[in-house]
Amino acid sequence: MNHFQQESAYNQYPELNHGSGAKWIKGLTQNRLGTFLGGHFSDVNLSSVLFTHRLDNAEHVKLQVWSAPGLSKPTFEEAMKQKFRPAKKGDSFGPSCECFRPLYTALSEHTTTGTNHWWKVYVTIPAYWEQYERVQFEFDPGCEAMIYDVDGTPLQGITGGFGGDRRVEYIIPWEARMKGTHEFIIESSCNGMFGVPWNGDTIAPPDMNRYFALASADLVVPNQEAWHLLWDFTTLREIVDSLPGNTSLQNKALSVANEIMNTFKSGDASDIQRCRKLAEGVFGENWQSEGEYIYQDEKQAQIWGIGHCHIDTAWLWPYRVTQQKVARSWATQVDLMERYPEHRFACSQAQQYKWLKQLYPPLFERVKEQILAGKFHPVGGSWVENDSNMPSGEALIRQFVFGQKFFMENFGVRCETAWLPDSFGLTGAYPQLIRGAGMKYFFTQKLSWNNINVFPHSTFNWVGIDGTQVLCHMTPVDTYTAQASVGDVQKGLSNHKNLESSDTSLLVFGNGDGGGGPLAKMLENLRRIRATNNQSRDLPPINMGHSVDEFFDHLLESTSSGKKLPNWHGELYLEFHRGTYTSHGSIKKGNRHSEILLRDVEHVATLASIVKSAEYAYPKSQIDECWEKVLLNQFHDVLPGSAIGMVYEDAEKLYAEVQRDGKALMEEAFQVLFPNSIPLTTDTKLRPNTALNQIIGYNTTFLDRRDIVKIPLAGASAGLKTAVAQVDANSKLGYAIMDNGVLDALVGDNLDLHVSAYTNGSDHFVLRNSSVQLTISKGRITSLIDVQLHRELIADGATGGLVIFEDRPNYWDAWDVEIHHLETPTPLEFINVSVVAHGPLRASVQAQVKYGQSTINVLISLDAVGATVKPGSRSLFRFDAEVDWRERHQFLKFELPLNIHNDNAYYETQFGYVQRPTHKNTTWDMAKFEVCGHKYADLSEYGYGLAILSESKYGFSCQGNVLRISLLRAATAPDAEQDQGEHKFSWAVMPHKGHFLESDVPMAAYLFNSPMHVRYLCGDKDALAASSANHPSFAIHGAPNVFLETIKRGEYDEFETPSESDSDSPTTIIARLYEAFGGHAQATIVIGDHFSGRVAKVVTTNLLEDEEEEVQIMDDEKFGTSVKLNFRGFEVKTLKITLGDGVRAPVFRAKQLSSTQKSLKRLTKRSSWVDIDSSRLVSRDD
């Protein structure tokens, strides 16, 4: 600085100071910011100048309305054919459901009744409005709505009311402004974004009588500069509220916001321009002119923004409302993409895309255009965002198969990122299934809701139960509905759990659950945040314009393919919403029974289509339709039981349709395999002299089995009666043993486990065979003995049986059961106990429990066969319950306090099992006081164990030595009548010799869930023909730990009527197998005689049936056609078997191999058995 400059500076700094100084009281200044928008000063603050003009008179706005009757949801074309009547702003309409009409509401001439309403809107635009940047129509019905053009193309959604998801403006096209008139259509529905809770609490049951009022139907001119100032000020205030007070940016933003308030006077254009210029002190000079290019150096950003609209496929609204939500939300996003080029939108759930295609074809085409343009991104690869605790492993696979197939067929893409942000815990089987479905990335966030422990990672390798990994990101923002605020962006870095290995986060923003998605104000806010970041590093940089897949690609590259990341092994257990394993028991039953029915249908239909292809075509489309219904009901608020009652009315109908159609398909296939046969039931009337071989059982499992079956005795021949060793009290039904589908005529000689029932005539009852014994004394199970080992399994001084707990969660009623419920047990006692079957094949006692207003009837049975055919297999005790349930906030369970100790119990999960602690060493252990299991839960120690088997229940627990299965809950929100009424369900108690890993528990549970299909063949010739068809299509040898789960036709076979079938089209069979015990296996898979001489090729595939490796076909004198497979623990393998037309590959014997061994192509990477089994190799000619 030269002398002149020094002197000038000296003169500018006065010698005397008479002022008070510029020091502020920061807290008061910060609080002042809340007065600049709305509130008490709305007539003089910024809110007063947001609109330049507003017209609502009949000269400029003309409305007509037609109300659809009841709950009907007509199409656009149907609605336009109706007679519309005049309407006006202020009219009310409703109710939300026509099922109920309020007695206290007097319907005036201005009240429109119905749930869905269609409006014709005609606006006349003043000519002088051409001077303004924008003209809008503001439509606020207080609920959700959709705007269409007059041709029926959805344009955008409307969300009425004054919440954060409000969007009531429709921008009038420029062409219409020039014309001076505009006509369009609006469809409104009487539901809010989160349904219509009766008392305002989100999860309360719906108010079926709610009416809405048309609060606004105005033609307006927004003051665009004022709106931009509003967005400027909002971002500044968020910076002030979100950043630490000792940062320069926080103080600068507060100073600028305060100065804006001082500068804003009359609110005219010059005022607003001066205020906006002040904001550039934080955002940068002329920042707005950069538009979408504000996101420079985007790959270096730490926060990656992606728009999203999580739409619960059903929750506080039924499926039919979701269909409308999808259209509204996605139309809005397409509109935003046209105005904000950086906007990218990730969207999951193929079911919702299919609904859009079926119900809103023009909008589907608009969405498809954006998908092909790379702006609208399908993610997830699944049919719906399903629950991942309770669906079977095969159902989880079908979620991906159906989802990925839809995306490929309609858009030419498959998803690369699995997407389940809101599911209530995630099975450890998922990583393998995700990779098998062609994906390697996974996004979730629900574990941020844990109510005990904080999950320790944000970005990590999730390693499944079989060792497969996926790259997982659990956003540190802790939500999939972020509002794109400064706080959200800041949290993406400040809440990141493993910054040492990765400092990049995904910001998933947009209104969700009920739909809506990102709003313009969110995109405006993000531009300002990035502009601020370009000036200051007090905020982490954010980018836009990229896909979720690109985000994960960046993670993969920046972490050396995951090597720098921490690992998490096993399930992602949610420490919350544990009651969902039990809520709505009928839905759980519908799911399990439908899964098994469809498994059986596919099995039988596959055989029928191969054995008699000339007369039977595989019903692929009908089976797919059934699967889609089951997959839909597996949505993560439906299957868990956490939706409103209307949802379950729909879900029950879908399950009923699946049962009806599935059984019809099964019967059609059985008629092909076993002509002139019918299902054998207790009501079947046998023809005179029905022979032994006219009753057969078809086993749809791969397991050998021995069952007790009931046979009507009227019409039975003497030969048939030789198989009957027990009759009922009325001598109308007989009990017989069926070995692998064949009645045992020598049952009297083969009865090793003679069963009997004893009683002292009052309060002491015993069920016993030479394997096990159970005692009920004074209403409780007091003893459970392994007879062969003389071992008592009930702990000293304890009793087992039904028990009820108070069930009063802290808030989430249908979702949660809290740990304190375990402090309130009430043991229940059996009363009216009586022996109803004495043996020797089945012994049973009937018992009853009365509690409150409820009655529980239980039939407890013991059979004279083991749980499986494994030598030494103990018999299981079966409990068949019929319950009239009338309780509220009570939790019914069955428990056994066992004389067994282990720090862990075993629970079946998809394609394997999971161990969980029985103790409370840590809070992580304590959190698992209620857990999910599938067909069994087991507590074992060296030498012995006991399992509880389930045919429709998923909730279990094991606290110390007390093993429990959860049976019924009674929440009142969001369904006020949850589980009220009649229930039928079963469970079983299975003692077993040896530890769980040595046991046959998984096999017994499989059989317990898979009843034998018993058929009555009406004629002797039919019986003879059936004997050749009734044998296994596949068998597994050498690996008892390998299970065959699925037999079906190939996904991409041609399925036409037999007469139209093309003999040149491939015929393939899919067999899905898995290792069930967590160890290695080398299994021989025997391909049955049904396909004898026709196996042309066998390959392994991924879950989508893309071919991977060809497998060597073996020709064995003992087994016939077979292949050998190696398994690692819990590995899932899919085989595709291609059949030829009776021409199979040549068989190579040992002498042949000597001359051809050098040219024999190795078809698998590892085939270590070749050296000893080479004489049985079969190779196909190249």
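Here's a quick briefing on the cores, cysteines, one annotated domain and a few individual elements of this structure. Keep in mind that the model is predicted. Its largest nonpolar core has 216 residues, and a search of the whole structure turns up 0 disulfides.

**Nonpolar cores**
- In the core of 216 residues, the ones with the most contacts inside it are Trp330, Leu802, Phe879, Phe894, Leu946, Trp987 and Phe1034.
- Helix α18 (residues 645-673) supplies the largest share of this core, with 13 residues.
- There's also a second, separate core of 50 residues, and Phe264, Leu336, Leu507 and Ala520 are among them.
- Back in the largest core, take Leu802: beyond residues up to four places away in sequence, Leu802 touches partners including Pro827, Leu828, Phe830, Val849, Ile856, Val858, Leu892, Phe894, Leu967 and Trp987.
- Leu802's contact list also has Arg780 and Lys893 on it.
- As a rule, nonpolar side chains in soluble globular proteins tend to be buried together.

**Cysteines**
- No disulfides come up anywhere: the count for the whole structure is 0.
- Cys143 is in no disulfide, and the nearest cysteine sulfur, that of Cys190, sits 5.5 Å away.
- Cys143 is buried, at a relative accessible area of 2%.
- Why is there no bond for Cys932? The closest cysteine sulfur, in Cys958, is 16 Å from the sulfur of Cys932, and that's too far for a bond.
- Cys932 is buried as well, with a relative accessible area of 5%.

**The annotated domain**
- An unreviewed UniProt entry places "domain: Glycoside hydrolase family 38 central" at residues 575-655.
- Across residues 575-655, the chain is 64% helix and 0% strand.
- The end C-alpha atoms of that stretch are 30 Å apart.

**Strands β52 and β53**
- Strand β52 (residues 1042-1049) is mostly covered, with 8 of its 8 residues buried.
- β52 pairs with strand β53 (residues 1067-1075) in the antiparallel sense, over 7 bridges.
- For Lys1048, the bridge partner in β53 is Ile1070.

**Val282 in helix α7**
- Val282 belongs to helix α7 (residues 269-283).
- Is Val282 buried or exposed? Val282 counts as buried because its relative accessibility is 2%, and the cut-off for buried is under 20%.
- Setting aside neighbours within four places in sequence, Val282 is in contact with Leu236, Ile239, Leu249, Lys252, Ala253 and Val256, plus Thr532 and Gln535.
- Val282 and Ala257 are 25 residues apart in sequence, and their C-alpha atoms are 9.9 Å apart in space.

Note on methods. Residues are numbered from 1 along each chain as its sequence is written. This is a predicted model: local features need pLDDT of at least 70, side-chain atom pairs count only at pLDDT 80 or more; totals for chains, interfaces and linings use all residues. Side-chain values use heavy atoms; hydrogens and water are left out. UniProt positions are given in the numbering used here, feature names are shortened, and annotations may be inferred rather than shown by experiment. Helices (H or I, at least four residues) and strands (E, at least two) are DSSP runs, numbered from the N terminus. A nonpolar core is a set of buried Ala, Val, Leu, Ile, Met, Phe, Trp, Tyr and Cys residues joined through side-chain atoms within 4.5 Å. Buried means under 20% relative accessible area, exposed over 50%, partly exposed in between (1.4 Å probe, protein chains only). Contact means heavy atoms within 4.5 Å. A disulfide is a pair of cysteine sulfur atoms within 2.5 Å. Two strands pair if DSSP finds at least two bridges between them.
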